[in-house]
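Hello, and thanks for sharing this one. Here are a few notes to read alongside the coordinates, set out as numbered points.

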Amino acid sequence: MTDSRQIQVAGLGSPHGDDQAGWEIVRALEKRGLSQAIVHLSRTPDDLLNWLDPAYPLVICDACRGGGPVGSVHRWQWPTTELDQVNWSGTHQIALPGVLSLAAELGQLPELVIIWGVEISETIPGDAISSEVSAGVERAVESICREWDVIRSLEVDHA
Amino acid sequence: MTERKIKVETLTRVEGEGGLYVRLQGEQVEEVRLEIYEPPRLFEALLRGRPLEDAPDITARICGICPVAYQMSSVHAMEMALGVEITPEIRRLRRLLYCGEWIESHGLHMHLLHAPDFLGFESGLAMAKQFPDEVNRGLRLKKHGNQLVDLLGGRAIHPVNVCVGGFYRIPSRNEFQKLVPDFEWGLNAAIETTRWVAGFEYPELESDCEFVSLSHPDEYPMNEGVMQTSSGDQIEISNYRDEFQEQQVPHSTALHAIRKTTGRPYLLGPLSRVNLNRDRLSPSARKLADEIAFEPECRNPHRAIIARGLELVHSYEEALQILRDEHSTKQPRMTYEYQAGVGMSATEAPRGTLFHRYEIDAEGKIVEADIIPPTSQNQAQIEVDLKAWVGQVIEKEESQAARLCENLVRAYDPCISCSTHFLNVTIERS
């Protein structure tokens, strides 16, 4: 059963260059003042397991590689094997798909999980985010805002 | 005589990406290379010309899983250059912060990264199906470490509360006390975890490495001390670069490290720390080490997971002691005046000794920076141990031999991201 009143939003990334994409999306969503958002910034995907609540839908925002031109925006809904076709950052090879699978195995994963990825190329430590990825961040934010109320209005599935 | 080449493209369950190349002539191991491609030393270049106060913030970005280690090495080095002496309170709280990082790192590594190897699983996920309680325990331990780093570091993802001279803010006693119930649970869980891993079946491997770690006469080493070796030498931190020398190797852009005195590689990390400082582990950790009959000088790298367990117990016990105490919040940091100088520090990251050296000018700007992570220093010794290990496993079917090589690399918990670009594994048989 998933509670549609609140939505957990996770930005994954690092302070390096275009790898900030996930954090920038979440920061922009916070500025928009989206209602009922529970926001987290994480450095590594396994951080999700620290706070994930199966009661609320989950929106994950991250940089990714392998899905198209730099700055392009992708949306996936879990479960999907399409995530395995993309390169995700993640320490100790517990990348995002592995973390989501582990959370599911441990009964921690919400019913609804949506992943937004912004395509990046190489990440240079100390660099600012590129203009192409910034534009992608903006597009991702718009898309997330458009479907925000839809997600919140989803009927609660009573057992 | 045929040549065999076994290739493992990507090591799994290690930090970052990496690979291994092994070439055999018949059954003779001709060559073992940990092919780690180190990127240009961008962070050292980034630091030049920056205010010295930027060092903890910038270096914390080097590694997503050991930012505290980089901050600790940087602030202690800067304080040496400035002639700053921190208070016992600040000193203690820095150890508390380091406990948080060790708990986070060791808890995750033991449960999700290394334990699967001993239980016959491909991954932590596969293991979770049959050992959900253990995996949940590991995740809870990691969460505690995150919470402590979040509280005292100011943020779990990128600590911002550490500064040259101390902390920007010291949390209240009430904030510290809130963690006590979790840490009381965690201490028992850490003991349980160590007993669990002590019961695993371990492959036999005897490394003739030299163990090296920081050592302090009064405490288990974290932020202060001298470098101690298993051959009995003590090296002042100011002489670190003279004794522990980086050198180019033809097969990799990663620098290897050797001891100048011996001309040989050496090993840093939990196994070295426990071997060299066992009597300064916390009471529960010492008692547990005796209970599980952990040998006084363990030379089997596969058993490093047990050393991590003992350090996990120590970290919880020391953290509890500090969390329960009264803390003064009146002087979170020391003041200082700029002066030109050089400062060095070696602190014990979860994976081993992390060395920083800075030269600063009279305006407080960084002139030069030198950062030597533990994984860089361990690479040469890992190769030596791998060569011995390959000799023991090479008669097995290729994929199994490659997997057993990967298992050994995981025992060192290398933080390849700190010092490397990516690693592929290739074993050539001829």
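How do the residues of the lining of the second largest pocket divide into nonpolar, polar and charged?

1. The lining of the second largest pocket is made up of 7 nonpolar, 5 polar and 5 charged residues. Please keep in mind throughout that this is a predicted model.

2. On the same pocket, the volume comes to about 390 Å³. Its lining counts 17 residues, and those that lie nearest the centre are B:His76, B:Met80, B:Asn223, B:Glu224 and B:Met344. Two elements of chain B, helix 3 (67-82) and strand 11 (341-349), each supply at least two residues of this lining.

3. Strand 11 is also a good way into the next site. The loop that runs from strand 11 to strand 12 (352-360) of chain B holds B:Arg351. Is this arginine buried or exposed? B:Arg351 counts as buried because its relative accessibility is 3%, and the cut-off for buried is under 20%.

4. What does the side chain of B:Arg351 reach? One partner is the backbone oxygen of B:Asp413, at 2.9 Å. Another is B:Ser105, where a polar contact of 3.3 Å links the two side chains.

5. Now to the nonpolar cores. In soluble globular proteins, nonpolar side chains tend to be buried together. Here the largest nonpolar core has 140 residues, and the members that touch the most others are A:Ile60, A:Leu100, A:Ile115 and B:Phe294. Helix 4 of chain B (residues 88-119) gives the largest share of this core, with 14 residues. Apart from this core lies another, of 23 residues, including A:Ala63, A:Val133, A:Cys145 and A:Trp148.

6. A:Leu100 deserves a look of its own on your screen. Which residues is A:Leu100 in contact with, once its neighbours within four places in sequence are left aside? They are A:Leu48, A:Ile60, A:Trp78, A:Leu83, A:Leu109, A:Val113 and A:Ile115. Of these, A:Ile60 and A:Ile115 are also named among the members of the largest core that touch the most others.

7. Last, chain A as a whole. Chain A contains 4 helices and 5 strands, which follow one another along the sequence as β-α-β-α-β-β-α-β-α. Of the 159 residues in chain A, 56% are buried. Taking contacts in chain A between residues at least 6 apart in sequence, 79% join residues at least 24 apart.

Terms used. Residues are numbered from 1 along each chain as its sequence is written. Chains are lettered from A and ligands numbered from 1 in the order in which they are written. This is a predicted model: local features need pLDDT of at least 70, side-chain atom pairs count only at pLDDT 80 or more; totals for chains, interfaces and linings use all residues. Side-chain values use heavy atoms; hydrogens and water are left out. On a 1 Å grid over the protein atoms alone, a cavity is a set of points where a 1.4 Å probe fits but cannot get out, and a pocket is an open set with protein on both sides within 12 Å along at least five of seven lines; lining residues have an atom within 4 Å of a point. Grid points are joined across faces, edges and corners, and a volume is the space filled by probe spheres set on the points. Ala, Val, Leu, Ile, Met, Phe, Trp, Tyr, Cys and Pro count as nonpolar, Asp, Glu, Lys and Arg as charged, and the others, Gly among them, as polar. A nonpolar core is a set of buried Ala, Val, Leu, Ile, Met, Phe, Trp, Tyr and Cys residues joined through side-chain atoms within 4.5 Å. Buried means under 20% relative accessible area, exposed over 50%, partly exposed in between (1.4 Å probe, protein chains only). Contact means heavy atoms within 4.5 Å. A polar contact is a pair of N or O atoms within 3.5 Å; within protein, one must be able to donate a hydrogen and the other to accept it, and residues adjacent in sequence count only if both atoms are side-chain atoms.
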